[in-house]
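Let's take a walk through a protein model together. Have the picture ready to turn around as you read.

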Amino acid sequence: MDLRDRVLISLSLLILAVSFVSGSAILKVHHKFAGRGRPLSEFKAHDNLRHGRILGAVDLPLGGIGLPSKAGLYYAEIGIGTPPKSYYVQVDTGSDILWVNCIECKQCPKKSDLGIHLTLYNPKDSTSGSLVTCDQPFCSSTSDGQIPGCNQDVLCQYSVFYGDGSTTSGYYVKDFVQYGQVSGNLQTIKANASVVFGCGAQQSGDLGSSGEAVDGILGFGQSNSSMISQMASSGKVKKMFAHCLDSVNGGGIFAIGNVVQPKMKMTPLVPNHVDDGFPSITFHFENSLSLMVYAHEYLFQISDDRWCVGWQNSGLQPKDGKDMTILGDLVLSNKLVFYDLENQTIGWAEYNCSSSIKVQDEKTGSVYSVSAHNINSSCSLEMGSFTFLLLLTAALLNLIY
């Protein structure tokens, strides 16, 4: 161990005992593991955990598959609670909150045809879990003000309506969410963040079916209620993330952090601007950025004589006379898509989603590789509906027909 290592360990693993003699303060410095005979490996492990609490990049294991003839579904694995349990959540940039099916839910699916084990969240099973009441600041901020009839015994409720007609409702809880923080090339360490999320008590539509069932949905929207916004406000991450969906092998890459390789052109994020027309091949954006979409990437067959496209009108009320278009995962598969919510830009590039990307640690400036994952254990999926929707909130300038 060289001098630099000793200094690092000394600075990060000290506890201080203070005593006062004749009006002067004397700091007696003791090593946290002094006299315990701990090996150097434990020192390094402890220091890794400490670094897990600072700003860095996050690698979320991704599963699922997208095929031209079927609707795609991609989901990430996260841990929730103390001790943590694994949950598989559909990743969605078109909504804000994270929610998982709760123990009270009667209509929630008990099994999944995706080959994953479903888990119901129970706040009482977690020593770090707590209920969020309507008088807490988080609740009033999501409700645009004070809630009539609210008191400290009333739970903070949530309700979400999705573009495919599915709905979820329940109440908010607060607990630790565990994830993999990037610590080196293709390496992660366990880290966690305290996050407010939804405890789903009632589901409808495809969310209640077993065919494509997951434990919940992880929203990556820009609202302060999203997990990435909460983590950013506590200094865990920056509001930047990227996904690369592998339609060939399944799974792909999903990372939170600044992507530095491959290089991508970026265009401004402008909400509520798309077009009513039906694009055939190419979307054009600001800064000479275009999105190439091939037929096998946006068409999938649902019967002998019926085909569907991988985007749709959001169904939301238009603003300023303009509607919003939702681009599905089939359109965005085999492309690395990078969302920089710090600077309100988005970019993408054709990419091999079974390879790796490079992300930058914001604290140290180090650049690390993040590899592709495929946590899907069953590739023979029979999906009858298009459930995973990625919301691309960029301004379309031109359309080629």
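Let's begin with a pair of strands: β4 and β5 (residues 73-80) run antiparallel and are joined by four bridges. Keep in mind that this is a predicted model. One spot to look for in this pairing is G64, which stands opposite Y74 in β5.

Now, are the two faces of β4 covered or open? In a regular strand, side chains alternate between the two faces of the sheet. Strand β4 spans residues 62-65, with L62 and G64 on one side and G63 and I65 on the other. These four residues are all buried, so both faces of the strand are covered.

Follow the chain out of β5 and you come to the loop between β5 and β6 (85-92), where P83 sits. The peptide bond leading into this proline, from T82 to P83, is cis, with omega near -5°. There is a second cis bond to find, from Q261 to P262, with omega near 5°. P262 also belongs to a loop, the one between β15 and β16 (266-268).

P83 turns up again when we look for empty space inside the model. How do you find such space? Rolling a probe the size of a water molecule over the atoms shows where it is left. The structure holds two cavities of 30 Å³ or more, and the largest has about 70 Å³ of space. Which residues line that largest cavity? T82 and P83 are among them, and so are I80, G81 and K85. The lining also includes Y87, L120, Y121 and N122, along with D125 and S126. Sorted by class, the lining has five nonpolar, four polar and two charged residues.

Next come the cross-links. How many disulfides does the structure hold? There are five, and if you count the bonded cysteines along the chain, they pair up as 1-8, 2-3, 4-6, 5-7 and 9-10. Let's visit three of these links.

One is between C105 and C108, whose sulfur atoms are 1.9 Å apart. This link is right-handed, with 95° about the S-S bond, and both C105 and C108 are buried.

Another disulfide joins C134 and C150, with 2.0 Å between the sulfur atoms. The link of C134 and C150 is right-handed too, with 105° about the S-S bond. It connects distant parts of the chain, 16 residues apart: C134 is in the loop between β8 (130-131) and α3 (137-142), while C150 is in the loop between α3 and β9 (157-161). Are these two cysteines buried or exposed? C134 has 3% relative accessibility, so it counts as buried. C150, at 25%, counts as partly exposed.

The third stop is the disulfide of C244 and C353, with sulfur atoms 2.0 Å apart. Its torsion about the S-S bond is about -75°, so this disulfide is left-handed. C244 lies in strand β13 (residues 240-245) and C353 in the loop between β24 (345-350) and β25, so the link ties together parts that are 109 residues apart in sequence. C244 counts as buried because its relative accessibility is 0%, and C353 is buried as well, with a relative accessible area of 1%.

Stay around C244 for a moment and look for W348, which is found in strand β24. W348 and C244 are 104 residues apart in sequence, but their C-alpha atoms are 9.4 Å apart in space. At 8% relative accessibility, W348 counts as buried.

From the loop that holds C353, move on to β25 and the sheet it belongs to. This is an open sheet of three strands in the order β15-β25-β26, with antiparallel pairing. Why do β15 (258-261) and β26 (367-371) each have one side without a neighbour in the sheet? They stand at the edges and have a single partner strand each, so nothing in the sheet pairs with the other side. From one strand to the next, the twist averages 45°. Five bridges join β25 (residues 356-360) to β26, and S356 has S371 in β26 as its bridge partner.

Let's finish with two loop residues. L186, in the loop between β10 (167-184) and β11 (187-204), has a positive phi near 60° without being a glycine. S288 is another non-glycine with a positive phi, about 60°, and its place is in the loop between β17 (282-285) and β18 (289-292). L186 counts as exposed at 56% relative accessibility, and S288 is exposed with a relative accessible area of 66%.

Notes
Residues numbered from 1 in each chain as written. Predicted model: local features only at pLDDT ≥ 70, side-chain atom pairs only at ≥ 80, totals over all residues. Heavy atoms only, no water. Pairing = 2+ DSSP bridges. Axes fitted to C-alpha atoms, helices over the stretch in contact; angles between N-to-C directions. Disulfide = S-S within 2.5 Å. Buried < 20%, exposed > 50% of the residue type's maximum accessible area, 1.4 Å probe, protein only. 1 Å grid on protein atoms, 1.4 Å probe; cavity = no way out; pocket = protein on both sides within 12 Å on 5 of 7 lines; lining within 4 Å. Points joined across faces, edges and corners; volume = space filled by probe spheres on them. Nonpolar A, V, L, I, M, F, W, Y, C, P; charged D, E, K, R; others polar.
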